[in-house]
Amino acid sequence: MQMRHISFAIATILASTAVQAAPNAFAGNRAQGLIDSHPGWVNRASGDTFVQKDAVVDADGNEHVRFNRFYNGLPVVGGDVVVHSKDGNLKQTSHTLLSKNRPGLSPTVSADAAQVAAGVKFNGTVRNVSSKGLVVYARGAAPVLAYEINVVGTNDHGFGDMRYFVDARSGQVLDGWNQFQTAAASGTGKTLFVGNVGITTNYTGSTYQLSDPTRGNGNTRNGGGKNIDLYYLEQNAIMTDADNIWGNNSTSSVVSSASDAYYGIAKTWDFYKNVFGRSGIKNDGVGVTSVVNVIFCYNQSCTQSGGANAGWYGASRPIMAYGKGDSTLYPVVALDVAGHEMSHGVTEATAGLAYSGDAGGLNEANSDIMGTMVEFYANNASDPGDYLIGEKLYRSNPTGLTALRYMFKPSRDGGSVDCYSSSVAGLDPHYSSGVGNHFYYLLAEGAVSPSGFSYTPSQLVCNGNTAAGGIGRDAAEKIWYKALTTYMTSGTTYPQARTATLNAARDLYGTGSTQYNAVAAAWSAVSVN
């Protein structure tokens, strides 16, 4: 059986390639000054302060500076804002906080009671619960004082690292989402047989490590077939090898799965760097830890568990986890999985889309979109680019047409939606993502049925406009990325995403351009008007 050959780079060369990007301090200072002089543009209240998160400066001088908001020192959840300006002149702002009202800061419910309420809401086996302190929760109709409660454990939805917000006066759980964001809600697994590929490893002088100094020292580890939450307690070592030849092209060796994941991570890094100029998830030149060969609990007692899933942990632990697979699905190490999970990290580092409501669907759609674009970018003949999510996962898929999600016709998976409505916000993000996926497919490809499928153009749109979109992947991915990184905020809804992408198309190609008009038509074709 052929073995995978892996190359390694010299440390001095590797060190010179790591680039650390920092926010543009001058742009940040200008944007802060514009907030001070135009408080109404961001619904600023007395006591509001703003801390810069990042800055994007376009080639034409347009500046987009993202801020997190605080009120009398408390984080305002949903209060983030992007200031858009040029030559010191304020052009517009992006935010979802529509009220200048702020709550009183004296809680009538204790932090302990809030933790109990969050634990009850979790309804499972709790391993750890803690209060992160008071915040101003501003994702609802009006800002309220709340506790942010972290609950880690397992319930009937599987493993959870939950971020809950509990009203500090009524004790009601206002919102919550899992910080561990998976590739598929019901549990999935993936593998990628891409043949013998070259990958860059690290040579220590005596052994080789699955650690890539050319890509921020991102590394891959073996989770030992154990439950994902247990991994964090054990911190397994980086995988090593004596001869720098990894795996045997078979699932009989976990090293083969590790090589697939490692390859996918490298291609994702290269995609973001070469297409968008982004160096790593946080644009800081730092890689992340990946763990293969893990399982996920599917109920609170872990009596139901499996390896058919993958996830981005994020938050305080920037870790990607890949399931070991099961009897139906291969290990979850496919190329589009790596792109999907790393893109959750990019979302977290930029727009910070919350994992609930419309924003949750946009978060998940972004990962599907960028994971798909990574697949096209890699241009690997063993896994050519397509708009099927996870088609390589299935141990038995003779036609290659079975997939987890279908971007051109999301409802084909039995749970996702093709067209936007007010009920979309109540769906699981893996299903509400259908609207964003559908929009993107139409924007890039138009109402064209992919090879192997027989949809008519009218079956691929929601409004009868079969001429919508079709501007190509290059323009589509640039518009989407710019909208994510400069116009979307944590609470962006689908209608607001329409505006964000139109703004991005205007900046890149001009108002009234073919690309601008295609964005408008593609959103209307999925009922986002």
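When I speak of a contact in this talk, I mean heavy atoms within 4.5 Å of each other, and when I call a residue buried, I mean that its relative accessible area is under 20%. Please keep in mind throughout that what we have on the screen is a predicted model.

Let me begin with helix H2, which takes in residues 25-37. The 13 residues of H2, at 1.5 Å a residue, should span 18 Å, and the C-alpha atoms at the two ends of the helix are indeed 18 Å apart, so the expected and the computed values agree. Which residues of H2 are buried? They are Ala 27, Gly 28, Ala 31, Leu 34 and Ile 35, and because they cover an arc of only 120° around the axis, they sit on the same side of H2. The general background is that an α-helix has 3.6 residues a turn, so residues three or four places apart point the same way. On the other side of H2 we find Phe 26 and Asn 29, both exposed. As for what the buried residues pack against, the partners are strands S2 and S3, together with S5, residues 81-86, and S6, residues 89-95.

That brings us to the strands themselves. S2, residues 48-57, pairs with S3 in the antiparallel sense, and nine bridges hold this pairing; as one example of the register, Phe 50 is placed opposite Arg 69 of S3. Four residues lie between the two strands in this hairpin, where Gly 61 takes a positive phi near 95°.

S3, which runs over residues 62-71, is also paired with S4, residues 74-77, again in the antiparallel sense, here over two bridges. Phe 70 stands opposite Pro 75 in S4, and the hairpin of S3 and S4 has two residues between the strands, with Asn 72 adopting a positive phi near 45°. From S4 we can continue to S7, residues 125-137, since two bridges join these strands, which run parallel, with Tyr 137 in S7 as the bridge partner of Val 77.

I would like to stay with S3 a little longer, and look at Asn 62, which belongs to that strand. Is Asn 62 buried or exposed? Its relative accessible area is 5%, so Asn 62 is buried. Leaving out residues up to four places away in sequence, Asn 62 touches Val 56, Val 57, Ser 85, Lys 86 and Lys 91. The last of these deserves a separate word: Asn 62 and Lys 91 are 29 residues apart along the chain, with their C-alpha atoms separated by 9.3 Å, and their side chains are joined by a polar contact of 2.8 Å.

In S7, the residue I have picked out is Val 129, which is partly exposed, at a relative accessible area of 31%. Setting aside neighbours within four places in sequence, Val 129 is in contact with Gln 115, Ile 149, Asn 150 and Val 151. Of these, Ile 149 is 20 residues away in sequence, while the C-alpha atoms of Val 129 and Ile 149 are 7.1 Å apart in space.

Two further buried positions come from later in the chain. Asn 219 lies in strand S15, residues 218-222, and counts as buried at 8% relative accessibility; its contacts, not counting residues up to four places away in sequence, are Leu 210, Ser 211, Ile 238, Val 288, Thr 289 and Ser 290. Ser 343, in helix H6, residues 335-349, is likewise buried, at 0% relative accessibility. With the same exclusion of sequence neighbours, Ser 343 touches Tyr 272, Asn 366, Ser 367, Met 370 and Gly 371, and a polar contact of 2.6 Å joins the side chains of Ser 343 and Tyr 272.

Finally, how many disulfides does the model contain? The count comes to one, formed by Cys 419 and Cys 462, whose sulfur atoms are 2.0 Å apart. The link of Cys 419 and Cys 462 is left-handed, with -90° about the S-S bond. Because Cys 419 lies in the loop between strand S23 and helix H8, and Cys 462 in the loop between H8 and helix H9, the pair ties together parts that are 43 residues apart in sequence. Both cysteines count as partly exposed, Cys 419 with a relative accessible area of 31% and Cys 462 at 24%.

Key:
Residues are numbered from 1 along each chain as its sequence is written. This is a predicted model: local features need pLDDT of at least 70, side-chain atom pairs count only at pLDDT 80 or more; totals for chains, interfaces and linings use all residues. Side-chain values use heavy atoms; hydrogens and water are left out. Two strands pair if DSSP finds at least two bridges between them. A disulfide is a pair of cysteine sulfur atoms within 2.5 Å. Buried means under 20% relative accessible area, exposed over 50%, partly exposed in between (1.4 Å probe, protein chains only). The expected span of a helix is 1.5 Å times one less than its number of residues. The arc is that of the directions from the helix axis to the C-beta atoms. A polar contact is a pair of N or O atoms within 3.5 Å; within protein, one must be able to donate a hydrogen and the other to accept it, and residues adjacent in sequence count only if both atoms are side-chain atoms.
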